[in-house]
Amino acid sequence: MQYSVKLLVAALLALSPAAHPALREFALAQVAQSPVFSLPETVPSGTTLSIQSSPNLGFAAEALKQDFEAAYEGTEVGVEVTNSDDAIAALVNGDIDLAAIGRPLTEEEQAQDLNTVALERAKIAIIIGPDNPFDGNLTFEQFAGMFRGEITDWSEVGGQPGPIRFVDRPEDSDTRRSLSQYEVFRGAPFETGATADVVAEDDTAAVIQALNDDGISYAIAPHVIDQPAVAIVPMHQTLPDDPRYPYSQPRYFVYRGEPSPAVAAFLGYATSPEGLAAFTAAQVAEVADVTEGVTAPEDP
């Protein structure tokens, strides 16, 4: 099976030069090993495929399902949104054909004959509420210190005095687990401190609503760029639209062993220009969903 130089080059461009070398090598190794699938001219009627997706890729998986079924008459794709851990477990058990996840595979998962097909690396933005007076810049170490509850006051990072509240995502969040891969978080247990306020669901709208004027958190950058309800904090003098910006999150389809004809056909479509257009449209829908969640009136 061939391997894609194009995907490797894309990974090199997407990973910031500021990223830790070990992380760059880890991500590039996974992307470089992504096999190439061709866009099928035809797919037999009656072809079925089952996908479990993390919330991180739910919109994309559903968009690709609909477009694939429309392109190949008589095909049927089932999409269920669960979480990355459950999706990988179902894949290993043979209960589904594909998993859609937004985090790297663990070493244990890599040993299960799993193969990843990279879709993109999305930048992870550091966010605060628009009424938060902090207008400075953070370093890797400062953000990690806030995460761990070691930095507890905005004055410690050049802001006005006031307590810091770290708004965190659930432990099974793909975005959270992508952060854990960075060297600055590896020197100590990946745990928040006493200043943490954890949202109940891995939902960016809920994170934004919890920020108020004292909170700080993180989100997939396209979900919060141009959102009036947040302000994005520079990291090492860069913002997420700068290629040098450090934090990012991978998105993958994962299959096990040799791909079946149905898996190969779907992945050929998903990585084609047609599939990438569907993926882009899904990202627009994701942003709209976040905006709607932020602006929705609260229950009485």
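Counting along the chain, you will find 11 helices and 9 strands. Keep in mind as you look around that this is a predicted model. The chain has 300 residues, and 49% of them are buried. Its accessible surface comes to about 13,600 Å², with carbon and sulfur atoms holding 51% of that area.

How is the chain connected to itself? Take the contacts between residues with a separation of 6 or more: 79% of these join residues that lie 24 or more positions apart.

One pair of helices makes a good place to look closer. Start with α10, which covers residues 261-270. This helix is mostly covered, since 8 of its 10 residues count as buried. The buried ones are A262, V263, A265, F266, L267, G268, Y269 and A270.

Now find α3, the helix of residues 58-71, which packs with α10. The axes of the two helices are 11 Å apart, and the angle between them is about 110 degrees. Angles of 65 to 115 degrees count as roughly perpendicular, and α3 and α10 are therefore described in that way.

Which residues bring the two helices together? From α3 come L64, K65, D67, F68 and A71, and they meet A265, F266, Y269 and A270 of α10. Sorted by class, this contact has 7 nonpolar residues and 2 charged ones, with no polar residues. The residues that α10 brings to the meeting, A265, F266, Y269 and A270, also appear among the buried residues of that helix. A general point about helices helps here: an α-helix has 3.6 residues a turn, so residues three or four places apart point the same way.

Note on methods:
Residues are numbered from 1 along each chain as its sequence is written. This is a predicted model: local features need pLDDT of at least 70, side-chain atom pairs count only at pLDDT 80 or more; totals for chains, interfaces and linings use all residues. Side-chain values use heavy atoms; hydrogens and water are left out. Buried means under 20% relative accessible area, exposed over 50%, partly exposed in between (1.4 Å probe, protein chains only). Helices (H or I, at least four residues) and strands (E, at least two) are DSSP runs, numbered from the N terminus. Axes are lines fitted to C-alpha atoms, for helices over the stretch in contact, and angles run from 0 to 180 degrees between N-to-C directions. Angles under 35 degrees count as roughly parallel, over 145 as roughly antiparallel, 65 to 115 as roughly perpendicular and the rest as oblique. Contact means heavy atoms within 4.5 Å. Ala, Val, Leu, Ile, Met, Phe, Trp, Tyr, Cys and Pro count as nonpolar, Asp, Glu, Lys and Arg as charged, and the others, Gly among them, as polar. Accessible areas come from the Shrake-Rupley method with a 1.4 Å probe; for residues, only the protein chains shown count as cover.
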